[in-house]
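Here is a short walk through one protein model, written for reading at the bench with the structure open beside you. We begin with a term, then go from the overall layout to single side chains.

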Amino acid sequence: MGKKLARTFQTSHQAGFSLVEVTVLALLLLVAVGGLSGAVLSSLRLARTTEESTVADEAARALAARLQIEDFGDIFRLYNTNPGDDGLDVAPGAAFDVRGLTARTEDADGRVGRIVFPAVDIGAGVQALREDVSDMRLGMAEGRDLNGDNDALDDVTLDYRLLPARLIVEWTGAGGDRSYELDLVLVP
């Protein structure tokens, strides 16, 4: 009878798992679930970042399309940083909002978008559109003749025939501080 009891004990012991085996399996399962959770969270963050970038791209392209249907001679006046040259129009100005994006905390005007022209401040918030502004991305390396007078060193605020512009969207989103830029040259 003693042998039978020992054999029964040995058989039932082999059929189960030891505490060490259960602990190791639980740890492996926790590592796997943790890795999977991290991958899912990372994927969600990446999807949100991609969505934000798409929103910024669409907003910049929509603004570029709107600029192209404006009266060409009024674009700089309406979209520069100087509200004093808008005349009787209520001009949109150089800054713009993008629905779904949050401005960076250090952004002074609290708006995510801005339009940059090859212009210089000439005092009291007044800007002059200049041909001698150096901006390689806008094709303004050593002056660019924007008014067709063969003199690429002028103030062309009132008589430009080409208008380079950069549309910039800067925001804080799921991936931290992000930005998107679209360079274009407007023609009549």
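A residue is called buried at under 20% relative accessible area, exposed at over 50%, and partly exposed in between, using a 1.4 Å probe and protein chains only. By that scale Asp74 is partly exposed, with a relative accessible area of 23%.

Please keep in mind that this is a predicted model: local features need pLDDT of at least 70, side-chain atom pairs count only at pLDDT 80 or more, and totals for chains, interfaces and linings use all residues. Residues are numbered from 1 along each chain as its sequence is written, and side-chain values use heavy atoms, with hydrogens and water left out.

**Overall layout**

The protein has three helices and six strands. Here helices (H or I, at least four residues) and strands (E, at least two) are DSSP runs, numbered from the N terminus. Reading from the N terminus, the elements follow the order α-α-α-β-β-β-β-β-β. Of the 188 residues, 30% count as buried. The exposed surface of the protein comes to about 12,000 Å², and carbon and sulfur atoms supply 59% of it; such accessible areas come from the Shrake-Rupley method with a 1.4 Å probe, and for residues only the protein chains shown count as cover.

Contact means heavy atoms within 4.5 Å. Among contacts between residues at least 6 apart in sequence, 51% join residues at least 24 apart.

**The sheet and the helix across it**

Four strands make up an open sheet in the order E1-E2-E5-E6, with antiparallel pairing. Strand E1 (95–96) and E6 are at the edges with a single partner strand each, so one side of each has no neighbour in the sheet. Two strands are said to pair if DSSP finds at least two bridges between them.

Let us follow the sheet across. E1 and strand E2 (residues 113–116) are paired over two bridges in the antiparallel sense, and Phe96 stands opposite Gly113 in E2. Next, four bridges join E2 to E5, again antiparallel, with Val116 opposite Arg166 in E5. E5 and E6 are then held in antiparallel pairing by eleven bridges, where Pro164 has Val185 in E6 as its bridge partner. A hairpin of two residues connects E5 to E6.

How much of E5 is covered? Mostly: eight of its eleven residues are buried. H2 lies across E1, E2, E5 and E6, and runs at about 25 degrees to E6. For that angle, axes are lines fitted to C-alpha atoms, for helices over the stretch in contact, and angles run from 0 to 180 degrees between N-to-C directions.

Thr49 gives a close-up of this helix, being found in H2. At 11% relative accessibility, Thr49 counts as buried. Leaving out residues up to four places away in sequence, Thr49 touches Ala174, Gly175 and Arg178. The side chain of Thr49 also reaches the backbone nitrogen of Gly175 at 3.5 Å.

**Salt bridges**

How many salt bridges does the structure hold? There are twelve, where a salt bridge is a side-chain nitrogen of Lys or Arg within 4 Å of a carboxyl oxygen of Asp or Glu. Three of them are listed here.

| Salt bridge | N to O distance |
|---|---|
| Asp57 and Arg61 | 2.8 Å |
| Arg77 and Asp74 | 3.3 Å |
| Arg137 and Glu181 | 2.7 Å |

The Arg137 and Glu181 pair links distant parts of the chain: Arg137 sits in the loop between strand E4 (126–129) and strand E5 (163–173), and Glu181 in strand E6 (residues 176–186), 44 residues apart. Glu181 is partly exposed, at 33% relative accessibility. A network of salt bridges links Asp135, Arg137, Arg166, Glu181 and Asp183.

Why can Asp57 and Arg61 be only about one helical turn apart? Because they are four residues apart in helix H2 (residues 19–69). Both ends are partly exposed, Asp57 with a relative accessible area of 21% and Arg61 with 47%.

**A loop residue to finish**

Leu158 has its place in the loop between E4 and E5, and at 84% relative accessibility Leu158 counts as exposed. Leu158 and Gly73 are 85 residues apart in sequence, while their C-alpha atoms are 7.5 Å apart in space.

Methods: A polar contact is a pair of N or O atoms within 3.5 Å; within protein, one must be able to donate a hydrogen and the other to accept it, and residues adjacent in sequence count only if both atoms are side-chain atoms.
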